Amino acid sequence: MRFAALASVPRILALGAGCSVLVETAQYVLRLDRVSSVDDVLVNATGAVLAALASRHWWRTAAEAPSDRPRPAPVPAG
């Protein structure tokens with residue numbers, strides 16, 4: 001997981017649903033001759049959750065594993 005703030009299934013669900021709503025809204029507003037539906041939002045959000053659950057093993061261990069690289073020292077303000 002690239003962003004630690006997204007490292008939870010409910011947040012992935014919210015992000016997947018939000019992005020899907022944006023795409024469906026854009027299709028409706030731009031009149032792209034496509035049907036906008038709630039079904040697509042639900043399927044896309046479910047797909048995001050299933051992908052997160054399937055890959056959770058990798059992003060949980062990567063987030064919890066210690067890094068071999070040294071952390072940069074904080075720079076004093078002033």
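Helices (H or I, at least four residues) and strands (E, at least two) are DSSP runs, numbered from the N terminus. V9 sits in helix α1 by that rule.

This is a predicted model, in which local features need pLDDT of at least 70, side-chain atom pairs count only at pLDDT 80 or more, and totals for chains, interfaces and linings use all residues. Numbering starts from 1 along each chain as its sequence is written, and side-chain values use heavy atoms, with hydrogens and water left out.

**The chain as a whole**

The secondary structure comes to two helices and zero strands. The chain has 78 residues, and 15% of them count as buried. Buried means under 20% relative accessible area, exposed means over 50%, and partly exposed lies in between (1.4 Å probe, protein chains only). About 6,600 Å² of the chain is exposed, and carbon and sulfur atoms supply 64% of that area. Accessible areas come from the Shrake-Rupley method with a 1.4 Å probe; for residues, only the protein chains shown count as cover. A contact means heavy atoms within 4.5 Å. Among contacts with a separation of 6 or more, 47% join residues 24 or more positions apart.

**Helix α1**

α1 has 21 residues. From first C-alpha to last it reaches 30 Å, close to the 30 Å expected at 1.5 Å a residue. The expected span is 1.5 Å times one less than the number of residues in the helix. The buried residues of α1 are V9, I12, G16, S20, E24 and Q27. Seen down the helix axis, they fall within an arc of 95°, so they line one face of α1. That arc is taken from the directions from the helix axis to the C-beta atoms. The face turned away from the buried side carries the exposed residues P10, A14, L22 and V29.

What does V9 touch, apart from its neighbours within four places in sequence? V9 is in contact with V49, L53 and R56. Its C-alpha is separated by 9.0 Å from that of A48, 39 residues away along the chain. P10 is also in α1. The C-alpha atoms of P10 and V49 are 8.1 Å apart, across 39 residues of sequence.

Q27 belongs to α1 as well. Not counting residues up to four places away in sequence, Q27 touches L32, R34, V35 and S36.

**The loop between α1 and α2**

L32 lies in the loop between α1 (9-29) and α2 (38-64). R31 is in the loop between α1 and α2, and so is D33. R31 follows α1 and has a positive phi, near 50°. D33 is not a glycine, yet its phi is positive too, at about 60°.

Y28, V29, L30 and L32 make a nonpolar surface patch of about 470 Å². Patches are made of residues with over 30% relative accessible area and no salt bridge; like charges are joined within 9 Å, nonpolar side chains (Val, Leu, Ile, Met, Phe, Trp, Tyr) within 5 Å. A salt bridge is a side-chain nitrogen of Lys or Arg within 4 Å of a carboxyl oxygen of Asp or Glu.

**Accessibility of selected residues**

| Residue | Relative accessibility | Class |
|---|---|---|
| V9 | V9: 18% | V9: buried |
| P10 | P10: 58% | P10: exposed |
| Q27 | Q27: 12% | Q27: buried |
| R31 | R31: 71% | R31: exposed |
| L32 | L32: 46% | L32: partly exposed |
| D33 | D33: 80% | D33: exposed |
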